[in-house]
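Trainee: I should like to go through the assignments in this model and ask what each one rests on.
Mentor: Please proceed.

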Amino acid sequence: MKYSSALPLAVLIALGTALAQQPPLSIPVVNHPCEDGPKMVGGKAESVETPLDSGFISIFNGTDLKGWWEDCATHTTDTKVGGVWFVDPSSKLLYSREEGQNGDILVTNQNYDHYEFIIDLWPTYGNDAGVFNRTTKTGKAWQTVVDYIQGSGVGGSYNERSWAPNNINEDPFKFGSGGVNAPDITTWTSFTKSMNPASFGCSANGCISSDFPKVWNTNGWNQLRIKFYGGLNPGEKVTMETWIRKIAAPEVPWVPVYKSEQSVVTPAAPIALQMHGGGRWKAGTYNIYRNIKVRPLDKTGNLLTTSMNKTPVRGVEAIDREVRIENGMLLAKLDKGYTINLRDARGGLIESVSAPAGEFKHALPQTLRGIFFAELKGYHGIARFRLLRI
């Protein structure tokens, strides 16, 4: 179908807005009751962790909320129902909506220490959301904000519920009053000026308001990337780094918008998605999410490294085998098929997997740290590889 160039500008804008509307729902919306803690199966936290490339693990299955639980101990006056979280399995999208000014947080069943977290998001302007890093059950966390509202920004940080002795409320940029469907940017701070702004379409002197649509889709899909590491023990600083990216413009690299460190001990804990509540949400609208993934880092924010010492036992010959760790994955190059037993330093069995000849890849449990052994058991005998995961 062809359109006449004589169409009024207002009509063209309306058509463009309609085409960019959020995906329609295929299921009825139900506000499920809140929960008291992680879902457990056989004494272990229910998980949906699925290995992806580059060491990432998917933590959202696109079908239901398996691996997550809804915590109404924060951002709500009704601790029984809170806000609305649900998955539309036809589109494989996660939706959130404030319910009667009640919000809450959606929390992973798993704890995470040093990690890189990436999420696709399509927020509605006027909604206050965020990512809670190493959160407690009461919502105490160093938040990465997704404050898609006037006077706030996305990717900055906030001291959530007295997380630190000093108040932290930092925005790398702030949205102005450009309208409900077209928020403008009134200020870019020095965060972007020190991070090669020319690499993502701004001048070397920094970004201005008109640059923002180059790196953020005001009515479509974007990505938020967070690195959160350090601070597990006294004397170690915890660090947050964030980036944003416009999915519709893959030629634009990740835009670094924030980095800060704090002297606060933060134990390993879940990651949570926030729905603010209290009226900081546009009534009847949704934020939607997809492709939620995480990968482990070391305490300095780098990908995990490996120290390896191969020790054959029972007279096993040195044949073509290689075992190592990269990005949270156990990798092996095997000459034959083996059973691989992972054992702790005392010899206790952690897990056992079958490995065919050739290249092999297996996601390690998030909780597996320190010295352990990969024991290759074949008809030649047993070979043991000493591994260290920091």
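Trainee: Which residue forms a salt bridge with E116, and what makes the pair a salt bridge?
Mentor: The partner is R225, with the closest N and O atoms 2.6 Å apart. A salt bridge is a side-chain nitrogen of Lys or Arg within 4 Å of a carboxyl oxygen of Asp or Glu, so the pair of E116 and R225 qualifies. The two residues are 109 apart in sequence, E116 in strand β9 and R225 in strand β16; strands are DSSP runs of E with at least two residues, numbered from the N terminus.

Trainee: What kind of model is this, and how are residues numbered?
Mentor: The model is predicted: local features need pLDDT of at least 70 and side-chain atom pairs count only at pLDDT 80 or more, while totals for chains, interfaces and linings use all residues. Residues are numbered from 1 along each chain as its sequence is written, and side-chain values use heavy atoms, with hydrogens and water left out.

Trainee: Why is E116 called buried or exposed?
Mentor: E116 has a relative accessible area of 3%. Buried means under 20%, exposed over 50% and partly exposed in between, with a 1.4 Å probe and protein chains only, so E116 is buried. R225, at 15%, is buried as well.

Trainee: How do you know whether R343 is buried or partly exposed?
Mentor: Its relative accessible area is 23%, so R343 is partly exposed. E375, which meets R343 in a salt bridge (3.0 Å, N to O), is buried at 6%.

Trainee: Why does K227 have no salt bridge?
Mentor: The nearest side chain of opposite charge, E241, is 4.5 Å away, so the pair falls outside the 4 Å limit. Here Lys and Arg count as positive and Asp and Glu as negative, with His and the chain ends not counted. K227 is buried, and a polar atom of its side chain lies 2.8 Å from the backbone oxygen of G301.

Trainee: What makes C34 and C72 a disulfide?
Mentor: Their sulfur atoms are 1.7 Å apart. A disulfide is a pair of cysteine sulfur atoms within 2.5 Å, so C34 and C72 form one. A search of the whole structure finds one disulfide. With -55° about the S-S bond, the link of C34 and C72 is left-handed.

Trainee: Where do C34 and C72 lie, and what does the pair tie together?
Mentor: C34 lies in the loop between α1 and β1, and C72 in the loop between β5 and β6, so the pair ties together parts that are 38 residues apart in sequence.

Conventions
Polar contact = N/O pair within 3.5 Å; in protein donor to acceptor, adjacent residues only side chain to side chain. Helix = DSSP H or I, 4+ residues; strand = E, 2+ residues; numbered from the N terminus.
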